[in-house]
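Keep the structure open as you read. The route goes from aromatic rings to charges over rings, then to one helix.

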Amino acid sequence: VQTAFPTIQQAWMQQDLAPVRRWISDGVWQRFNTQFTMMKRLGQSNRISNLQIRQVFIDAIEQDGSFDIVHVGIHFSANDDFVSVKFPALDRRGPLDMLEYWSFIRKSGVPGNNLYHGNLCPACGAELPADMGEVARCASCHAVSTLGDYDWVLCEITQADDYANESRKLDKSGRWTRRIREALGADSDFSVQLIEDKAANAFMQIKSAQATQRPEAMRRFVGDALFEQLSRTIAGDTPFVFNRLYLNNVTLSDFYRDAGQDHLVIACKHS
């Protein structure tokens with residue numbers, strides 16, 4: 001966390017996630033990337049100075065199938081200048097004192113790898129691409145480093161209010177999630193957190209497609225009927241841009257089977 005936190009802040013300021021891509025999940029990457037898309041359209045930048053980590057503490061540890069999740073509280077202060085060259089009325093400047101909760105996921109019992117202090121593939125040892133982009137895949141062996149198979153991966157950043165007000169979701173190792181795991185018995189690597197991460201990724205891409213009026217950007221992961229519905233909505237929308245777009249929490253809330261298909265229902269709260 002002491003390594004990840006300032007490195008993420010630097011990547012955020014530069015609007016360049018290449019230095020951190022190998023150890024952040026797809027959902028986290030997409031949250032940042034979508035905000036960068038909006039910031040570029042608004043001519044925005046966020047300069048952070050005098051960053052001080054006041055306290056780091058482990059708040060909770062939980063089991064998620066064959067994965068472990070660690071929730072870490074980070075209390076920090078900084079000078080925060082969020083400015084727009086196109087729309088100065090959107091500017092926000094001043095000191096910041098915040099508590100955030102960062103969640104990391106890793107498969108239980110994996111041998112020690114270190115994605116934080118090197119740029120080598122944890123599977124084959126080849127040098128990873130300088131910019132791993134949307135699909136963080138090794139060019140040599142095609143291993144994906146961002147699923148928690150090799151090291152702790154940042155899979156969630158939650159503001160203190162949202163973290164405190166969560167219903168603690170479903171206990172990821174509780175009775176209800178055990179029923180889902182039994183139903184999906186063929187998938188030994190089923191993870192509630194990774195399913196929620198997929199939903200976060202998709203949700204942010206849909207929001208980006210709406211704002212950029214490019215429905216084709218979401219085509220590959222949206223069913224036919226929903227794609228047609230959203231495309232009609234986008235075509236009728238007045239063009240807009242998100243000044244701030246926060247995905248407050250993403251929660252697996254239901255599971256059922258219908259017509260030979262498995263259905264997972266996920267609640268996404270955004271502001």
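In this predicted model, the count of aromatic pairs comes to 10. Take F5 and F76. Their ring centres lie 4.9 Å apart and their planes meet at 55°. Planes under 30 degrees apart would count as stacked, and over 60 as edge-to-face. The F5–F76 pair is therefore tilted.

Now look at where the two rings come from. F5 belongs to helix α1, residues 4–14. F76 belongs to strand β2, residues 67–84. The pair therefore ties together parts that are 71 residues apart in sequence. Both F5 and F76 are buried.

Other rings form a group. W12, F32, F36 and F82 are linked into a cluster by ring pairs. F82 also has a charged partner: R244 lies over the face of its ring, 3.6 Å from the ring centre.

A second arginine sits over another ring. The charged end of R219 is placed over F227, at 4.5 Å from the ring centre.

F227 leads to helix α6, where it is one of the buried residues. The helix runs over residues 224–236, 13 residues in total. From first C-alpha to last, α6 reaches 19 Å, close to the 18 Å expected at 1.5 Å a residue.

Which residues of α6 are buried? They are F227, L230, S231 and I234. These cover an arc of only 105° around the axis, so they fall on the same side of α6. Helix α5 (192–212) is included in what covers them. Turn α6 around, and the face away from its buried side carries the exposed residues A225, R232 and G236.

Methods:
Residues numbered from 1 in each chain as written. Predicted model: local features only at pLDDT ≥ 70, side-chain atom pairs only at ≥ 80, totals over all residues. Heavy atoms only, no water. Phe/Tyr/Trp six-rings, centres within 6.5 Å; stacked < 30°, edge-to-face > 60°. Helix = DSSP H or I, 4+ residues; strand = E, 2+ residues; numbered from the N terminus. Buried < 20%, exposed > 50% of the residue type's maximum accessible area, 1.4 Å probe, protein only. Lys NZ or Arg CZ within 6 Å of the ring centre and 35° of its normal. Expected span 1.5 Å × (residues − 1). Arc of directions from axis to C-beta. Contact = heavy atoms within 4.5 Å.
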